[in-house]
Amino acid sequence: MSTDPTAAPDDANGNTEPESDKRLYPRVTSYRTRTGVLKPSRQGAWERMWDEIGRNVDDDIIDVEAWFGRRAPLVVEIGCGTGTATAEMAMAEPNVNLIAIDVYKPGLAKLLQLIEQNNITNIRVIRGDAVAILENMLAPGSVDGFRVFFPDPWPKTRHHKRRLLKPEMFTLMATRLRPRGVVHVATDHAEYAQYIEESGNSAPLLGIVTGPWPMSSERPETKFEGRAARIGNAISDFAWERITE
Ligand SMILES: C[S@@+](CC[C@H](N)C(=O)[O-])C[C@H]1O[C@@H](n2cnc3c(N)ncnc32)[C@H](O)[C@@H]1O
């Protein structure tokens with residue numbers, strides 16, 4: 001398996017696409033390939049922190065309690081970006097174990113800096129495609145809450161297939177949630193909001209939230225939310241609960 005977490009993975013049959021085909025038919029992903037070059041200050045944080053609290057996507061189920069060194073409700077944030085909201089939420093909820101996922105190395109390096117500067121102990125970081133991470137690394141029924149804040153909207157019709165949040169992703173998140181676990185989503189894109197709502201409502205294992213949230217429903221302003229507010233976009237928040245069977 002490739003050691004580059006952003007590389008196109010093998011197909012469902014384990015066949016690796018020939019290089020020529022990869023160029024002709026690049027794998028559809030919900031993220032752009034961006035440079036992973038770090039500023040020196042972030043490079044330093046990466047070198048000091050990564051081995052202790054970070055890992056790349058792989059095929060092994062995580063022993064979450066061992067990784068955090070304690071048992072606590074587990075919240076997974078998908079697409080944390082530079083992690084400013086992640087760090088703030090972790091400090092506001094010291095009783096929660098928080099896993100932050102992104103493919104974007106400079107963003108994760110910024111989060112590592114915030115963790116180091118603020119002595120935050122309840123965040124762990126995974127770099128790679130969230131779909132593969134949920135499928136391979138998170139045990140079914142092991143997650144108390146998911147957060148997906150301001151996922152890339154991919155507004156052009158021909159790019160809609162790249163969207164992270166679609167019916168299959170809600171089904172995948174639902175299988176990883178424990179009963180009554182919650183998915184919290186926010187977006188500032190009106191048309192994507194409608195699609196997200198329909199997709200979440202169509203997931204057979206998800207329903208309206210009936211119980212108390214396992215994590216805070218409050219959301220600090222993220223970088224993308226600030227930008228949305230400045231151009232006057234309305235923000236939509238959604239939540240679903242994993243139904244009991
Ligand atoms: C628009 S940004 C939002 C970042 C942050 N949540 C915020 O509100 O500031 C979306 C982030 O999702 C990440 N992302 C998109 N698809 C992903 C995937 N399949 N796996 C992991 N991260 C992904 C991107 O790299 C990007 O950092």
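**Ligand site**

I started at the ligand and found a polar side-chain atom of Asp129 lying 2.9 Å from one of the ligand's nitrogen atoms. This is a predicted model, so I am reading every distance here as computed. I then looked for other polar partners. Ser30 puts a polar side-chain atom 2.8 Å from a ligand nitrogen. Phe149 does it with its backbone instead: an N or O atom there lies 2.7 Å from a nitrogen atom of the ligand. I checked how covered the ligand is, and the protein buries 95% of the 600 Å² that the ligand exposes when taken alone.

Which residues come nearest to the ligand? I got Ser30, Gly79, Asp102, Phe149 and Thr222, out of 19 residues around it. I sorted that shell by class and noted nine nonpolar, five polar and five charged residues.

**Asp129**

I went back to Asp129 to see where it sits. I found it in the loop between E4 and helix H6, which covers 130–137. Buried or exposed? Asp129 has a relative accessible area of 13%, and the cut-off for buried is under 20%, so I put it down as buried. Besides the ligand contact, I saw the Asp129 side chain reach the backbone nitrogen of Val131 at 3.1 Å. I also took the C-alpha separation from Asp129 to Ile78, which is 9.3 Å for two residues 51 apart along the chain.

**Nonpolar cores**

Ile78 turned up again when I looked at the largest nonpolar core. That core has 37 residues, and the members touching the most others are Ile78, Phe146, Phe170 and Met173. I asked which element gives the most to it, and helix H7 (residues 167–176) does, with five residues. I also noted a second, separate core of 20 residues, with Leu38, Leu98, Leu108 and Val125 among them. As a general reminder to myself, nonpolar side chains tend to be buried together in soluble globular proteins.

I listed the contacts of Met173, skipping its neighbours within four places in sequence: Ile78, Leu134, Phe146, Val148, Leu165 and Val183.

**Val148 and His184**

I followed the Met173 list to Val148, which is in strand E5. Its relative accessibility is 1%, so I count Val148 as buried. Not counting residues up to four places away, I have Val148 touching Ile78, Leu164, Leu165, Met173, His184, Val185 and Ala186. For Leu165 I also took the C-alpha separation from Val148: 8.8 Å, with the two residues 17 apart along the chain.

His184 was on that list, so I looked there next. I found His184 in strand E6, residues 177–187. It is buried too, with His184 at a relative accessible area of 3%. Its contacts, again without residues up to four places away, include Phe146, Arg147, Val148 and Phe149. Others that I wrote down for His184 include Trp213, Met215, Asp237 and Phe238. Phe149 is the residue with the backbone atom 2.7 Å from a ligand nitrogen.

**Glu93**

I wanted to see what a buried acidic side chain is paired with, and took Glu93, which counts as buried at 8% relative accessibility. Glu93 is in the loop between helix H4 (84–92) and strand E3 (97–102). What lies 2.6 Å from a polar atom of its side chain? I found the backbone nitrogen of Ser216 there. Leaving aside neighbours within four places, Glu93 is in contact with Asn122, Arg147, Met215 and Ser216.

**Positive phi**

I checked for positive phi outside glycine and noted two residues. Asn119 has a phi of about 50°, and its place is the loop between helix H5 (105–117) and strand E4 (123–127). Trp154 has a phi near 40°, and sits in the loop between strand E5 (143–149) and H7. I compared their accessibility: Asn119 counts as exposed at 64%, whereas Trp154 is buried at 8%.

**Whole chain**

Last, I took the totals. I have nine helices and eight strands in the protein chain, and buried residues make up 46% of its 245 residues. Of the contacts with a separation of 6 or more, 81% are between residues 24 or more positions apart. The chain exposes about 12,500 Å², and carbon and sulfur atoms supply 50% of that.

How values were computed: Residues numbered from 1 in each chain as written. Predicted model: local features only at pLDDT ≥ 70, side-chain atom pairs only at ≥ 80, totals over all residues. Heavy atoms only, no water. Core = buried A, V, L, I, M, F, W, Y, C linked by side-chain atoms within 4.5 Å. Buried < 20%, exposed > 50% of the residue type's maximum accessible area, 1.4 Å probe, protein only. Helix = DSSP H or I, 4+ residues; strand = E, 2+ residues; numbered from the N terminus. Contact = heavy atoms within 4.5 Å. Near = heavy atom within 4 Å. Polar contact = N/O pair within 3.5 Å; in protein donor to acceptor, adjacent residues only side chain to side chain. Areas by Shrake-Rupley, 256 points an atom, 1.4 Å probe, with all protein chains shown as cover. Nonpolar A, V, L, I, M, F, W, Y, C, P; charged D, E, K, R; others polar.
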